[in-house]
Amino acid sequence: MQTVINNISIESVSSWLPENKLEMRSLGTVYGEAEVENIIKTTGVERVRIADMGMTSSDMCQKAAEHLFDKDGIDKSVIDGLIFVSQTSDYILPATSICLQDRLGLSENTVCIDIHYGCSGYIYGLFQAACWINSGMCSKVLLLAGDTTSRMINPMDKSLRMVFGDCGTATLVGRGSNPMGFHIQSDGSGADRLIVPAGGFRTPVSAATSVLEYDEDHNGRTKNDLFMDGLAIFNFAITKVHKNINILLETMQWEKDSVGLFALHQANVFMVNYVRKKLKVRSEVTPTNVTNFGNTGPATIPLLLSDLCSTNNYDLSRVVMSGFGVGLSWGSVATDLCNTHFYNPVNK
């Protein structure tokens with residue numbers, strides 16, 4: 001799917017981090033110091049944030065939204081759309097976005113929707129928000145993206161425990177004067193490459209799905225836990241993402257050298273750098289912050305923006321954001337962020 005939606009503006013971006021830090025090197029006593037150092041060298045992740053027990057993705061996103069409201073002095077009555085992007089919802093039902101409408105004190109005229117996506121989810125959320133605004137249905141949409149991925153990972157799975165962290169973010173989208181380009185793609189044949197096999201209605205949790213098993217790399221997990229075929233996801237990313245972005249640039253009629261920032265999903269340092277090399281762009285315009293926060297799923301892109309754009313002097317007149325992962329799904333957005341307010345992550 002390729003399209004350009006006119007007169008859309010990303011007005012503000014904020015993020016909220018749990019205070020609890022997990023230092024990867026502290027896991028040396030669990031997995032072995034040599035193994036831990038090897039994983040850190042491969043992923044670039046040295047520490048992540050872990051949400052306290054009882055804190056959900058929606059709690060973190062709510063805090064990020066309240067911070068954004070406070071910083072922007074927002075009259076909440078003007079918000080008429082709310083999108084919650086997460087794989088770790090509060091309940092099977094009702095939709096978490098509906099609960100957040102009440103908790104945030106938004107109008108009953110607010111349209112709400114949950115988008116159950118991971119690493120590409122922020123792109124899908126921006127697309128949904130832009131469609132609502134372009135249709136005239138909404139004037140301002142609050143996009144909340146976050147996950148408590150740590151809850152889906154077995155403690156004995158070092159391959160995932162040493163990569164994923166928790167975070168919640170808030171983005172305010174409204175009417176503007178600039179175009180926003182999208183290129184979104186899907187391939188469900190790769191659904192089993194990144195999956196929690198049990199816990200849904202197809203395979204309910206049972207004694208059989210709760211048996212701890214170890215793979216050839218000595219990572220332990222049950223069918224109730226997150227599984228990732230790391231090599232398959234890596235090959236997918238380095239094969240598909242740069243092509244997706246290049247087509248979007250052609251659609252926008254942007255020269256690659258004119259883009260001041262490529263905000264890529266922060267899967268890990270190695271993957272981001274490899275995608276950057278496939279794109280043939282400079283490292284200066286393709287930053288990473290995964291070292292301190294890990295892979296926070298749908299929150300990585302807005303976390304990156306709030307973390308770096310609030311203090312660094314990037315040329316934001318032409319920005320490309322790209323998310324890729326579970327599904328398999330991948331997509332990119334091209335827009336102008338010159339007038340966007342970026343707020344430092346809370347608890348950074």
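**Two helices and a set of aromatic pairs**

Helix α3 passes helix α4 in a right-handed crossing. This is a predicted model, so let's take that helix pair as the way in and then move on to the rings. α3 covers residues 57–72 and α4 covers residues 96–103. Their axes sit 11 Å apart and the packing angle is about 40°. That makes α3 and α4 oblique to each other, because an angle counts as roughly parallel if it is under 35 degrees and as roughly perpendicular from 65 to 115.

Who does the touching? On the α3 side look for Ser58, Asp59 and Gln62, which meet Thr96, Leu100 and Arg103 of α4. Sorted by character, the residues of this contact are one nonpolar, three polar and two charged.

Stay with α4 for a moment. Its buried residues are Thr96, Ser97, Cys99, Leu100 and Gln101. Thr96 and Leu100 therefore turn up in both roles, as buried residues of α4 and as residues that meet α3. The cover over the buried residues of α4 includes α3 itself, along with strands β5 (81–85), β6 (111–115) and β7 (140–148). Just after the helix, have a look at glycine 105, which takes a positive phi of about 70°.

Now for the rings. Counting ring centres that lie within 6.5 Å, the model has six aromatic pairs. One of them joins tyrosine 117 and tyrosine 124: the ring centres are 4.2 Å apart and the planes are at 25°, so this pair is stacked. The cut-off for stacking is under 30 degrees. Tyrosine 117 is partly exposed, at 27% relative accessibility, whereas tyrosine 124 is buried, with a relative accessible area of 14%.

Phenylalanine 127 and phenylalanine 182 make another kind of pair. Here the ring centres are 5.2 Å apart and the planes stand at 70°, so the pair counts as edge-to-face. Phenylalanine 127 belongs to helix α5 (residues 121–134) and phenylalanine 182 to strand β9 (residues 180–186), so the pair ties together parts that are 55 residues apart in sequence. How exposed is each partner? Phenylalanine 182 is buried, at 0% relative accessibility, while phenylalanine 127 is partly exposed, with a relative accessible area of 23%.

Finally, further along the chain, Phe234, Phe270 and Tyr274 come together as one aromatic cluster.

Notes. Residues numbered from 1 in each chain as written. Predicted model: local features only at pLDDT ≥ 70, side-chain atom pairs only at ≥ 80, totals over all residues. Heavy atoms only, no water. Phe/Tyr/Trp six-rings, centres within 6.5 Å; stacked < 30°, edge-to-face > 60°. Buried < 20%, exposed > 50% of the residue type's maximum accessible area, 1.4 Å probe, protein only. Helix = DSSP H or I, 4+ residues; strand = E, 2+ residues; numbered from the N terminus. Axes fitted to C-alpha atoms, helices over the stretch in contact; angles between N-to-C directions. Parallel < 35°, antiparallel > 145°, perpendicular 65-115°, else oblique. Left-handed = near helix turned anticlockwise from the far one by under 90°. Contact = heavy atoms within 4.5 Å. Nonpolar A, V, L, I, M, F, W, Y, C, P; charged D, E, K, R; others polar.
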